[in-house]
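The following exercises concern helix packing and ligand contacts. Please study the sequence and the structure before reading each solution.

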Amino acid sequence: MSQEHSKTGILYIVATPIGNLQDISQRAVDILRSVPLLAVEDTRHSRKLLVPLGIGTPMLALHEHNERELASRLLVHLQGGADLALISDAGTPLISDPGFVLVRAVRAAGIRVVPIPGACALIAALSVSGLPTDRFRFEGFLPPRPAARRDCLQALATDTATLVFYESSHRIVDSLHDMAECLGAGRVATVARELTKTFETVASGTLEALCAWVSADANQQKGEFVIMVHGAVTDPATLDEAARRTLQVLLDELPLKQAVALAVKITGQSKNRLYEYGLSLKNI
Ligand code: SAM
């Protein structure tokens, strides 16, 4: 347990838009205007957001190369009683963005860290994906090197949670291709591109179909992407054809629990396997 001091400043972690500038919250604007200093990922980039809002707060650049060194200076600033707000180029700081070293140091010093929530590409994408959101695994960016990327995907192949990845235009085709190979060509996925921007596109299909579609259309390779992949489903081969068919028919008429209970009685197959298979049918 650590206690927060009351005479120190507060570090605000402020989410900014991921495209549409109207997505900034009133609370974010108020904080960015009222604090004496902003830590930003890129001052030129942030100026484009802040100037139209009439915010002229002084800025310091905090990025992955100077975060360690700057964190101690910013700690002194906070310990002196002054507030500080952290923003990144887009979305929520620390989510595939700088800020972790700073937040950890500030919390370790017992100083208050306050979130100002707002846009985050992975949450926006998941909310429209049509994939299960009750359990998901955010993997951020896959490794750029093909061998490492495939190793990483292989390690995720049996995970039953929805898998969420960030991807850039340079690697979208390669990543979808490797996902189809390592996770299964028939696995259902959703690609969310340029969310909240002019060319926003959300497309669902099998990994194989999505890969073919994106590969064939140069426009679909432009911009920023969130790729979401349905979690691994029970290998249907472990249930015999008659059991699968029975459950499918029962599910057309009954809620999952009842359908599974009846299917167990009719087929004598494992309740757990039938339940998992039933869940996978309901979720797709
Ligand atoms: N901190 C950000 C957030 O809260 O989502 C993420 C920053 S990370 C450096 C940038 C990546 O986020 C992009 O390469 C893309 O994968 C994803 N991303 C950001 N904005 C997006 C958007 N408007 N549409 C789709 N993906 C986006």
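**Exercise 1.** Determine which residues of α7 meet which residues of α8, and describe how the two helices pack.

*Solution.*
Step 1. In this predicted model, α7 contributes Ile172, Val173, Leu176, His177, Met179, Ala180 and Leu183 to the contact. Their partners in α8 are Leu207, Glu208, Leu210, Cys211, Val214 and Ser215.
Step 2. Sorted by class, this contact of α7 with α8 comprises 10 nonpolar, 2 polar and 1 charged residues.
Step 3. Two packed helices are described by the angle between their axes and the distance between the axes. For α7 (residues 172-183) and α8 (residues 207-216), the angle is about 160° and the axes are 9 Å apart.
Step 4. An angle over 145 degrees counts as roughly antiparallel, and α7 is therefore roughly antiparallel to α8. The crossing of these helices, α7 and α8, is left-handed.

**Exercise 2.** State whether α3 and α4 are parallel or oblique to each other, and justify the choice.

*Solution.*
Step 1. Helix α3 spans residues 67-79 and helix α4 spans residues 100-108; they pack at an angle of about 40°, with axes 9 Å apart.
Step 2. Roughly parallel would require an angle under 35 degrees, while roughly perpendicular begins at 65. The helices α3 and α4 are therefore oblique to each other.
Step 3. Their crossing, that of α3 and α4, is right-handed.
Step 4. On the α3 side, the contact involves Glu67, Arg68, Ala71, Leu74, Leu75 and Leu78; on the α4 side, it involves Phe100, Val101, Leu102, Ala105 and Val106. By class, these are 9 nonpolar, no polar and 2 charged residues.

**Exercise 3.** Describe the packing of α9 with α10 and the classes of residue in their contact.

*Solution.*
Step 1. The axes of α9 (residues 241-253) and α10 (residues 256-267) come within 9 Å and cross at roughly 145°. The crossing of α9 and α10 is right-handed.
Step 2. Among the residues in contact are Leu247 and Leu250 of α9, and Leu256 and Ile266 of α10.
Step 3. The contact of α9 with α10 holds 10 nonpolar, 2 polar and no charged residues.

**Exercise 4.** Identify which residues come nearest to the ligand, and locate its contacts with N or O atoms of the protein.

*Solution.*
Step 1. Around the ligand are 19 residues, of which Thr92, Asp97, Ala121, Tyr166 and Phe225 come nearest.
Step 2. An N or O atom in the side chain of Tyr166 is 2.6 Å from an oxygen atom of the ligand.
Step 3. Backbone N or O atoms also take part: one of Glu167 lies 3.1 Å from a ligand oxygen atom, and one of Ala90 lies 3.1 Å from a ligand nitrogen atom.

Technical notes
Residues are numbered from 1 along each chain as its sequence is written. This is a predicted model: local features need pLDDT of at least 70, side-chain atom pairs count only at pLDDT 80 or more; totals for chains, interfaces and linings use all residues. Side-chain values use heavy atoms; hydrogens and water are left out. Axes are lines fitted to C-alpha atoms, for helices over the stretch in contact, and angles run from 0 to 180 degrees between N-to-C directions. Helices (H or I, at least four residues) and strands (E, at least two) are DSSP runs, numbered from the N terminus. Angles under 35 degrees count as roughly parallel, over 145 as roughly antiparallel, 65 to 115 as roughly perpendicular and the rest as oblique. A crossing is left-handed if the near helix is turned anticlockwise from the far one by less than a right angle, and right-handed if clockwise. Contact means heavy atoms within 4.5 Å. Ala, Val, Leu, Ile, Met, Phe, Trp, Tyr, Cys and Pro count as nonpolar, Asp, Glu, Lys and Arg as charged, and the others, Gly among them, as polar. A residue is near a molecule or strand if one of its heavy atoms lies within 4 Å of it. A polar contact is a pair of N or O atoms within 3.5 Å; within protein, one must be able to donate a hydrogen and the other to accept it, and residues adjacent in sequence count only if both atoms are side-chain atoms.
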